[in-house]
Amino acid sequence: MLDVKTSLYNTLTKKIEEFVPNEKGKVGMYTCGPTVYHFAHIGNLRSYIMEDVLEKYLRYVGYDVKRVMNITDVGHLTSDGDTGEDKMLAGARREHKSVMDIARFYTDAFMEDCRKLGIKKPDVVEPATNCIPDFIHMIEVLLEKGYAYVSGDNVYFDTSKLDQYYVLSVQKEEDLKVGVRSDVDEDTNKRNKTDFVLWFTKSKFENQEMKWDSPWGTGYPGWHIECSSISMKHLGEYMDIHCGGVDNIFPHHTNEIAQSESYTGHKWCNYWFHINHLNTKSGKMSKSKGEFLTLSLLEEKGYDPMVYRLFCLLSHYRKPLEFSWEALDNVAVTYEKLCKRIQNLSENGEEEEEAFDEWEKKFAVALGNDINTSSAITVLYDMLKGDFSDITKRKLVARFDEVLSLNLTGVFEEKPEEELDAGLTAYIEQKIGERKEAKKEKNFARADEIRDELLAKGIVLKDTREGTIWEKAE
Ligand code: AMP
Ligand code: ZN
């Protein structure tokens with residue numbers, strides 16, 4: 001093990017704390033997986049990139065990590081609470097396919113995105129629909145212990161039985177309403193407004209395709225039970241780190257804790273690691289809004305997925321990150337320069353062990369400070385400037401890339417001119433579109449502003465009968 005202290009912000013205590021695992025040298029880690037009714041958007045992927053860095057950092061300093069992830073292929077309703085319909089069903093209807101086909105297709109697409117982004121596949125990936133008997137068992141125990149009740153046609157968790165329900169930091173008032181909302185679909189079966197469904201039977205979702213027999217009738221599980229059950233199946237009753245995006249804090253993770261600790265009778269997970277959102281100018285990127293950016297779209301526009309990974313690593317995971325094409329273009333340039341610089345390191349000279357150990361540790365110290373990826377990248381730049389042999393630097397780059405996974409050691413191929421321009425082209429086309437919209441709305445001042453913005457970047461717009469074309473200024 002490297003002799004480095006690991007500090008993590010813990011949503012449970014709202015403090016940065018020293019990380020101490022349950023078992024010396026070992027870490028059990030759980031990640032809420034994607035709901036596979038659509039492509040992952042680059043906001044979701046930000047969360048998985050940062051969780052990947054956490055896992056790889058822990059391995060880098062010498063922990064033996066076991067990471068488990070579920071695939072949500074049933075039970076996540078269109079609201080994060082108990083209202084709406086199953087997202088999978090809505091996805092299947094949208095595409096005129098079966099739920100299983102949708103699940104398979106989008107799970108594969110997600111795995112492919114992860115591969116391109118250098119995200120390691122978790123040690124266990126478990127679709128919720130594989131584990132129905134485990135969910136039923138957990139619900140039976142909760143009923144036996146008096147933490148659940150059957151009402152109407154569903155099984156509910158009784159939050160009034162807990163000493164404290166809101167153990168994780170409470171979000172804004174409107175976030176709280178998501179989990180307890182009753183305006184859309186008044187659920188008169190609930191004893192308390194914060195109670196949530198463990199098992200749906202004959203319910204308002206008549207078209208539900210996926211149903212299983214249970215002691216309470218044919219039905220399907222609620223969303224929250226799957227993570228409690230799948231994590232315990234593979235990691236046991238004590239977990240070190242649970243990860244997810246901040247939108248999962250409430251109600252999902254709050255409900256996971258309620259179920260898990262009532263089931264076991266003791267504390268379940270020690271550290272809660274939450275990644276803040278990727279936003280666009282118009283707000284949080286979200287799948288349900290229907291308009292979102294995918295990794296494939298970025299690739300179509302000519303960006304290497306590694307550029308998006310670096311874009312994420314340059315910001316701290318606890319801060320919201322605003323996406324813009326301009327910012328991505330800047331990172332594309334940074335990435336290219338960095339790779340070239342590494343490629344130019346010579347292969348001569350002696351390996352210098354002392355320098356290697358010193359910088360290996362500096363990199364770990366930067367990340368050990370609540371996974372500060374941008375300072376880890378600063379360490380990389382400082383290391384490249386260091387006064388020691390290139391061959392040692394090459395070795396250190398490879399070592400750092402075990403965590404960064406930016407393909408820094410891959411041979412950096414010169415990209416053809418057109419490909420380098422592709423990012424710029426996408427940006428210009430976006431601006432031309434915005435200008436067209438502005439003109440349509442008779443906002444000529446904004447249209448002129450966009451033309452001038454582009455001109456300042458050396459791009460001249462020409463309005464022709466076929467539409468607006470552009471060229472580089474002489
Ligand atoms: P979902 O597929 O909706 O279950 O979400 C998968 C993961 O992405 C969860 O950990 C979410 O908390 C996270 N997530 C959702 N939206 C965003 C976003 N805009 N930025 C970062 N993470 C997000
Ligand atoms: Zn979960």
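Helices (H or I, at least four residues) and strands (E, at least two) are DSSP runs, numbered from the N terminus. This is a predicted model, in which local features need pLDDT of at least 70, side-chain atom pairs count only at pLDDT 80 or more, and totals for chains, interfaces and linings use all residues. Residues are numbered from 1 along each chain as its sequence is written, chains are lettered from A and ligands numbered from 1 in the order in which they are written, and side-chain values use heavy atoms, with hydrogens and water left out.

**Exercise 1. State how many helices and strands the protein has, and compare its radius of gyration with the globule rule.**

Step 1. Count the elements: there are 15 helices and 16 strands.
Step 2. Take the rule, which is 2.2 Å times the number of residues to the power 0.38, with the radius taken over C-alpha atoms.
Step 3. For 474 residues a compact globule would have a radius near 23 Å; the protein has 25 Å, so the two agree.
Step 4. Add the extents: the C-alpha trace spans about 75 × 65 × 35 Å along its principal axes.

**Exercise 2. Find what share of the residues is buried and what share of contacts joins residues at least 24 apart.**

Step 1. Buried means under 20% relative accessible area, exposed over 50%, and partly exposed in between (1.4 Å probe, protein chains only).
Step 2. Of the 474 residues, 54% count as buried.
Step 3. A contact means heavy atoms within 4.5 Å.
Step 4. Among contacts between residues at least 6 apart in sequence, 76% join residues at least 24 apart.

**Exercise 3. Check the span of helix H1, then place Tyr48.**

Step 1. The expected span of a helix is 1.5 Å times one less than its number of residues.
Step 2. H1 covers residues 42–60, 19 residues in total. Its first and last C-alpha atoms are 26 Å apart, close to the expected 27 Å.
Step 3. Of those 19 residues, 17 are buried.
Step 4. Tyr48 lies in H1. Tyr48 counts as buried because its relative accessibility is 7%.
Step 5. Leaving out residues up to four places away in sequence, Tyr48 touches Thr31, Cys32, Gly33, Pro34, Met69, Phe110 and Ile119.
Step 6. Thr31 is 17 residues from Tyr48 in sequence, and their C-alpha atoms are 8.5 Å apart.
Step 7. After H1 comes Gly62, with a positive phi near 115°.

**Exercise 4. Repeat the check for helix H6.**

Step 1. H6 (residues 223–235) has 13 residues, so 18 Å is expected at 1.5 Å a residue; the end C-alpha atoms are 19 Å apart, which agrees.
Step 2. H6 is mostly covered, with 12 of 13 residues buried. Among them are Trp223, Cys227 and Met232.
Step 3. Gly236 follows H6, and its phi is positive, near 80°.
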